[in-house]
Each structure stands twice: as C-alpha cells, then as structure tokens.
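Reader: Got a minute to go through this model with me? I'd like to talk about a sheet and then the pockets.

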Amino acid sequence: MKDRAGRRRARRFAIGTAVVVALAGMNGPWLYRFGTEKYHQYKINQPEYKAANGKWEIIEFPEKYRQNTIHAALLRTGKVLLVAGSGNNQDNSDAKQYDTRIWDPVKGTIKKVPTPSDLFCTGHTQLANGNLLIAGGTKRYEKLKGDVTKAGGLMVVHNENPDKPITLPAGTRFTGKENGKTFVSKDPVLVPRAEKVFDKATGKFLRNDPGLGRIYVEAQKSGSKYETGTEDNYRIQGLSGADARNTYGIAQKLALDKKDFQGIRDAFEFDPVAEKYIKVDPMHEARWYPTLTTLSDGKILSVSGLDDIGQLVPGKNEIYDPKTKEWTYTDKIRQFPTYPALFLMQNGKIFYSGANAGYGPDDVGRDPGIWDVETNKFTKIPGMSDANMLETANTVLLPPAQDEKYMVIGGGGVGESKLSSEKTRIVDLKADDPRFVDGPSLEKGTRYPQASVLPDDSVLVSGGSEDYRGRSDSNILQARLYHPGTNSFERVADPLVGRNYHSGSILLPDGRLMFFGSDSLYADKANTKPGKFEQRIEIYTPPYLYRDSRPDLSGGPQTIERGESGTFTSRAASTVKKVRLIRPSASTHVTDVDQRSVALDFEADGDKLTVTVPGSRNVVPSGWYMLFVTDGEGTPSKAEWVRVP
C-alpha cells in the first residue's frame with residue numbers, strides 16, 4: 001500500500017511537470033498562466049491525474065428540489081434520504097414548512113417527501129429491518145440576547161401530594177411570593193406524585209419527596225422591568241384546596257438572556273420502500289441534537305439533547321425497542337454533551353470518543369472512555385491530545401471493524417472558540433490498557449472534518465474549517481486518504497466546495513462518495529457578509545474507479561445469517577483480495593456512528609466466491625449492508641445488498 005501511495009504522489013508531480021515543460025516549449029507566455037483556473041481544470045481532468053487523485057464533481061438539483069440538507073442517510077434501496085426539516089431557517093419553522101428529499105444517485109431522480117415534524121437537528125440510525133429510526137428535532141429556534149423581548153426561563157413545579165400526579169395546562173400563571181411578578185407557561189406539564197420515603201431499618205415514615213415537573217415560562221409583557229434576579233417561590237393561579245397547598249413553583253433568575261433551541265419528543269421510522277415516515281411512540285424526553293446508537297440486542301439507545309425548555313437533558317437516557325416500538329428509560333443516569341460520538345463495542349459496551357457537536361457544560365461528560373450501560377460504570381481512556389478541542393471533531397471506526405481501532409479527527413474548543421486542532425488520535429480498544437496515541441496530523445486545525453470508510457480500507461478525510469462555522473473564510477479545500485496499514489495520509493484531489501457546520505458525507509453503493517450541506521456564519525474574511533447555506537451536492541470519485549476494470553459481483557443470496565456463508569458469482573473471483581460488509585451511513589453534525597466496515601472470510605472456486613459472515617452480533621449488528629469485493633489493485637466492485645438478520 002505504501003509503495004502504491006508513493007507511486008501516486010510521484011505521478012502527481014510528474015504529470016504537472018510534464019505539462020509545464022510541454023507548454024513552455026510551445027508557448028512561453030503559458031507559464032504565466034500556470035496558476036490560473038483554466039490550467040487547473042486542464043490538469044485535474046487528465047486521466048493520469050484522476051487515476052492518482054480522484055475527481056470531484058458538483059451536482060445542482062433543479063431549483064424546486066433544492067433544500068438546506070442537515071441530515072443524510074443511505075437507504076437499502078440505494079437511494080439517499082436528504083432531510084432538512086426547517087433547514088436552519090426560522091421562517092420555515094414559523095410557517096411549519098419542513099422538507100425531505102429522496103435522491104437516486106443512479107437515475108438522478110429527486111422526489112419530495114411529506115415531512116411530519118421539524119426534523120431539523122434530529123437523531124437517526126439504521127434499524128435491523130432496513131428502516132431508519134429518526135427521533136427528536138426542533139420545537140423552537142434559539143433567541144439571541146437582544147432579540148428576547150419577554151423575560152423567561154425554567155420553572156420547576158413541585159407536587160407534594162403522594163396520592164396523585166397533577167397536570168397543569170399551557171397558559172398556567174405563576175406569581176412570585178416575593179417579587180409579585182407573574183409568568184405564563186408555554187406548554188402543559190405533568191407533575192408526578194410525591195414519593196413517600198421510609199427509614200430502611202425501622203420502616204418509619206420520614207417524609208414526602210415532591211414530584212418535579214419542568215416547564216418554560218415567560219412574562220406576560222415585554223420589557224426588562226419584568227426580569228427577576230433571584231430565586232423565588234411561585235403560587236400557581238387557578239388551583240384550590242389540596243392542590244393549591246401541595247403544588248407550587250420554584251424559579252431562579254427569569255431574564256432576557258439568550259434562549260437556546262428547544263427539542264421535541266417525536267419519533268418516526270422511515271420506510272425506504274414505501275418512502276414515507278411512520279410515526280412511532282414518542283420519546284419520554286424531548287431532544288434536540290441527540291445521538292442514537294444500536295445496542296447489542298438490536299435496541300436503540302437515545303442519549304443527550306436539549307429538551308423542550310432548551311436545557312441539556314439531565315442524563316435521562318432511553319432505549320427504543322423496534323419490536324414494541326416503545327421507549328423505556330435506562331436504570332441509571334449519565335450525562336453527555338449533545339451529539340456525543342457513541343459506538344457499540346465487541347464486548348457489548350459503548351465507546352465514547354469524547355467528540356461531540358456542541359451544547360453542554362465544559363466540565364461534564366467530556367472525557368473519552370468505555371461505558372457499561374447496564375451498570376453505568378464508566379472507565380476513562382487516557383492519552384487524548386488537544387483534549388479541550390473535541391467539539392466538532394469526527395470519529396471513525398477504522399477498517400476493518402474487527403481491529404476495533406478508532407480515529408478522532410480534528411475538532412475545536414467549546415462553544416464559539418477560535419481554537420481548532422490539527423491532530424488525529426488513535427485508540428486500540430483491544431489493547432490491555434487502551435490509550436490514545438497521535439496519528440498523522442492534518443495541515444491545519446480543522447473543525448467539522450468529514451470521514452468516510454472506503455471498500456479498499458482507506459478512509460477519506462475531507463473539508464472542515466479552521467474557525468467556528470467557517471468564520472473568516474476559513475473553509476479548508478483539502479482531502480486526504482488515510483491508510484490504516486501504514487498509518488499515513490495521502491493527499492488527493494481538492495474538493496470544489498467548502499464544507500463546515502451542517503455538512504456530511506455518505507459512501508454510495510458504486511464506491512463513490514456524496515457530500516452535502518454547509519452552513520457558514522459569514523461569507524467573507526471580515527465577517528460582515530452573512531453566509532448562505534450550501535445546497536449543492538458534491539460527488540468524489542476515488543482513484544480506484546479510474547483504473548482499467550473493476551471486479552464484478554452478482555447472483556448471491558439477499559440474506560446471510562451470522563456465522564453462515566453465501567456464494568456469489570464473479571468472473572474476477574480469483575483476483576479478489578478483500579471482501580467487506582459496509583453498514584450504510586446516517587450522517588449529521590460530524591456524527592455517523594453507524595458507519596463500519598467488516599472483513600469477511602472468503603474462498604474462490606472458478607467464478608464462484610463464497611463469503612462467510614462473522615458470528616458476533618456486536619461486530620455485525622442486524623441490518624442491511626453493502627457487500628464489496630476488492631481486487632489486488634484495490635479496485636472495488638459495485639455493492640450487492642445483503643441482510644444480516
């Protein structure tokens with residue numbers, strides 16, 4: 001692999017030199033145009049250059065099909081689900097205008113799909129039946145300080161009645177006992193009954209611990225005179241008798257401060273055959289920016305997010321059962337920042353890389369480690385370089401998945417920090433005492449890098465920006481192939497479009513990569529011109545698709561059990577060197593915990609290729625996979641879809 005990478009670099013240099021010499025011999029003034037766009041286009045379209053570096057192409061949808069794509073997932077039909085929700089556009093949110101598209105990269109067709117809720121900043125993961133589980137999204141957009149006209153914030157409602165819960169409708173009024181100011185709830189709230197506490201030794205009754213409900217409240221009128229500065233107890237208007245005695249509110253400062261995004265509880269399965277959303281049981285917690293991760297038993301863990309009053313969900317994680325289509329809380333509480341990078345390990349535990357996409361305290365839940373969800377034990381993993389710069393970092397399970405090595409790429413400081421890291425860090429979870437070590441560095445500090453696993457076991461690392469959301473025109477137009485075998489980067493063709501916040505990448509069944517989105521704050525170095533959401537799709541064709549031929553693959557079974565084999569037909573069976581099962585991606589906010597490439601054992605006999613799926617459910621979670629075969633030159637076949645039940 002190292003020799004091949006070296007030959008590619010040599011070809012890149014030789015091609016450029018040969019062209020310059022030839023042009024100089026024909027016409028001296030051409031030398032002055034060496035750096036022009038015309039020459040650049042000439043160079044990158046040469047067959048030799050593409051064979052060494054690959055090629056990028058831009059796809060623009062017809063105007064009526066364009067949208068601000070925030071989420072994308074490859075469906076088992078080979079089509080790509082592109083989800084915008086309100087697309088980071090508050091006008092769309094206010095108008096309840098939510099968008100989804102389905103794009104067929106083979107036929108080039110695009111279809112609009114009715115979108116039932118604002119799935120902007122939702123979570124998603126692939127299910128065993130081939131559906132995509134989607135949970136959470138946006139209830140309300142943030143309001144920056146200066147835009148907030150009514151004082152407001154969190155009201156914690158206490159219910160001291162041990163005999164019954166109480167429900168308060170939207171519009172309930174809370175009046176402070178000390179400040180005398182009245183605030184109104186925006187939504188209904190169910191407050192559970194109080195819990196009776198007894199002495200464990202004697203059985204004697206000790207007290208009632210009140211049930212607690214959390215609700216967002218606002219002042220009745222605009223203006224700073226309605227702000228409060230200290231904690232106060234609040235009487236609830238409209239209650240009488242025992243309810244009035246047992247139920248009250250407590251709020252800290254209620255002010256004109258910035259109000260964060262608020263999440264929703266809605267959950268759906270997207271059916272890729274019917275091409276529609278199917279509503280399922282909502283989550284117990286509203287979540288904006290959650291991560292969904294498949295567990296060993298095929299159930300789905302939902303973690304973190306901002307809730308329906310804009311606060312970080314306080315470690316109340318929950319699990320979705322695809323059979324009952326219902327959610328249950330985990331027994332224990334553990335808190336993470338939003339969109340934490342959580343992966344199923346081969347021992348059934350969860351690996352947390354420390355990477356995340358934003359919101360949360362800078363001193364809570366940010367250490368990387370191994371989490372046993374059942375016992376709630378968390379074991380920290382040492383050695384992380386630039387540990388204070390893991391927001392907006394990318395995490396990828398390096399191929400093959402059986403090696404259980406992860407790479408954490410780039411990242412930046414918490415919040416809107418200008419800090420960014422050029423580091424890559426690698427951890428071997430099969431080691432006796434796992435610890436992070438630095439891998440090859442990027443050229444620049446990089447937030448929001450994209451990372452996609454390819455069928456030849458390389459990983460394309462592309463894009464990102466040096467500053468928060470591309471500020472100061474800091475998008476990075478560079479791409480590299482990482483080779484796990486040599487632990488090295490190989491620079492390849494540069495992307496044509498800058499990608500930062502709200503961007504992502506997807507491996508397609510034909511071996512190409514699709515890139516979507518980007519949401520710069522500003523469009524100039526001086527940070528004076530507002531940015532525009534990037535609606536163009538970009539396709540990267542890797543070098544391996546510019547060779548003379550690629551192996552064929554057909555005729556195998558659609559389902560293969562774990563530990564069992566299936567036989568496919570390939571005229572190139574004798575040349576196959578690798579067989580990989582690659583789980584389709586579901587990507588957003590530099591988070592793609594579905595992505596994994598599993599090595600399969602295989603045997604060739606004439607034009608028959610028999611492949612064997614590993615027996616471990618934690619190595620091969622149930623679901624649909626792309627099956628690729630790769631020849632000795634690293635050229636992959638087109639994928640065959642295979643279901644592992």
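**Sheet and pockets**

Author: Strand E23 (residues 300-303) and strand E24 (residues 318-321) are paired antiparallel, over three bridges. Keep in mind that this is a predicted model.

Reader: Which residue does Ser302 stand opposite in E24?

Author: Glu318.

Reader: And what is the strand order in the open sheet?

Author: The order is E22-E23-E24-E25, four strands with antiparallel pairing.

Reader: Which are the edge strands?

Author: Strand E22 (291-294) and strand E25 (326-329). Each of them pairs on one side only.

Reader: What does the twist average from one strand to the next?

Author: It averages 30°.

Reader: OK, pockets. What space lies in the largest pocket?

Author: About 990 Å³. The lining has 41 residues, and those closest to the centre are Glu142, Phe261, Tyr359, Tyr468 and Arg469.

Reader: How does that lining split by class?

Author: The largest pocket is lined by 17 nonpolar, 14 polar and 10 charged residues.

Reader: What volume does the second largest pocket have?

Author: About 610 Å³. It is lined by 23 residues, with Arg265, His284, Glu285, Ala286 and Asp308 the closest to its centre.

Reader: Which elements give two or more residues to that lining?

Author: Strand E13 (189-191) and strand E16 (211-219). E16 provides the largest share, four residues.

Reader: And the classes there?

Author: The lining of the second largest pocket divides into 11 nonpolar, three polar and nine charged residues.

Technical notes:
Residues are numbered from 1 along each chain as its sequence is written. This is a predicted model: local features need pLDDT of at least 70, side-chain atom pairs count only at pLDDT 80 or more; totals for chains, interfaces and linings use all residues. Side-chain values use heavy atoms; hydrogens and water are left out. Two strands pair if DSSP finds at least two bridges between them. Axes are lines fitted to C-alpha atoms, for helices over the stretch in contact, and angles run from 0 to 180 degrees between N-to-C directions. On a 1 Å grid over the protein atoms alone, a cavity is a set of points where a 1.4 Å probe fits but cannot get out, and a pocket is an open set with protein on both sides within 12 Å along at least five of seven lines; lining residues have an atom within 4 Å of a point. Grid points are joined across faces, edges and corners, and a volume is the space filled by probe spheres set on the points. Ala, Val, Leu, Ile, Met, Phe, Trp, Tyr, Cys and Pro count as nonpolar, Asp, Glu, Lys and Arg as charged, and the others, Gly among them, as polar.
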